[in-house]
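User: I would like a close look at one part of this protein, followed outward to whatever else can be said about its surface and its strands. Please take it slowly and keep it connected.

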Amino acid sequence: MNIGPAMLNLSRIMLGMYSSDEYQYLELEPKLLMSISVFVICTTIFLFNLLIAQLNCAYMGIFKDMLGYARLNRGSVILENVSRSSKHRWTKFVESLQMDEKLEFNEGDIGLAGGIQVLESASANPVTSDSIKRYGGSTCPTAPWPETANEVDIEDKVDRLEKIIEKAVKRITKASNKSQSGSGASSMASGSSSGSSGGI
């Protein structure tokens, strides 16, 4: 049998287009029937997984669209309610937000104003380095902002200098250990040579 008719028959078997009369010929050859059964099982599992992947991708796209539509709908509802509310009620709501008070990043760490603080657990979004840069000195708004680039360069230079010093210290300690071991060996050799000369 050629490759073309074999692929056609396998695709017919996979799609369930094979008649019962044609299966009778397969029963006469058990090895061929076993191989075709394994092929049907593998193709069924593959197509089922493909269907699940397609449904999952479609659900993710629908979820993103649904979330966007929900936010747009919420925004339109908020705009309608704001236009209907009175000025006194709106000012009372704005005052209840306390936008003028400074936010607290951590306990005792006072930050900027103009936001709403939302607390979360420390394990929710772990970070290796702090994204908030802190500077010493006055907090007056008229004071000039510190130059971050120079400070970063200085920190890099200090780190490089520390590494160079560590390498130099390691080299000095290794050289001193080698010199001590060499002097000890030479003293032992001189002592043994003097003892042998005294015996002669």
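Analyst: What follows begins with a helix and its aromatic residues, then turns to two surface patches and a hairpin. The model is a predicted one, and the reading below should be taken in that light.

Helix 3 covers residues 30-84, and within this helix Tyr59 and Phe63 are four residues apart, so that about one helical turn separates them. Two aromatic pairs are counted in the model. In the pair made by Tyr59 and Phe63, the ring centres are 6.3 Å apart and the planes stand at 25°, so this pair is stacked, given that planes under 30 degrees apart count as stacked.

Helix 3 also matters for the nonpolar patch, to which it gives the most, with three residues. This surface patch is formed by Met14, Leu15, Met17, Phe46, Leu47 and Leu50, which together have about 600 Å² of accessible area. Of these residues, Met14 belongs to helix 1, residues 3-14.

A patch of negative charge is found on the surface as well, formed by Glu155, Asp156, Asp159, Glu162 and Glu166. Glu155 has its place in helix 5, which runs over residues 148-199.

The hairpin remains to be described. Strand 1, residues 102-106, pairs with strand 2, residues 109-113, in the antiparallel sense over three bridges. Lys102 stands opposite Ala113 of strand 2, while Asn106 stands opposite Asp109, also in strand 2. Two residues lie between the strands of this hairpin, where Gly108 takes a positive phi near 85°.

Methods
Residues numbered from 1 in each chain as written. Predicted model: local features only at pLDDT ≥ 70, side-chain atom pairs only at ≥ 80, totals over all residues. Heavy atoms only, no water. Patch = residues over 30% accessible without salt bridge, like charges linked within 9 Å, V, L, I, M, F, W, Y side chains within 5 Å. Areas by Shrake-Rupley, 256 points an atom, 1.4 Å probe, with all protein chains shown as cover. Salt bridge = Lys/Arg side-chain N within 4 Å of Asp/Glu carboxyl O. Lys, Arg positive; Asp, Glu negative; His and termini not counted. Charge placed at Lys NZ, Arg CZ, Asp CG, Glu CD. Pairing = 2+ DSSP bridges. Phe/Tyr/Trp six-rings, centres within 6.5 Å; stacked < 30°, edge-to-face > 60°.
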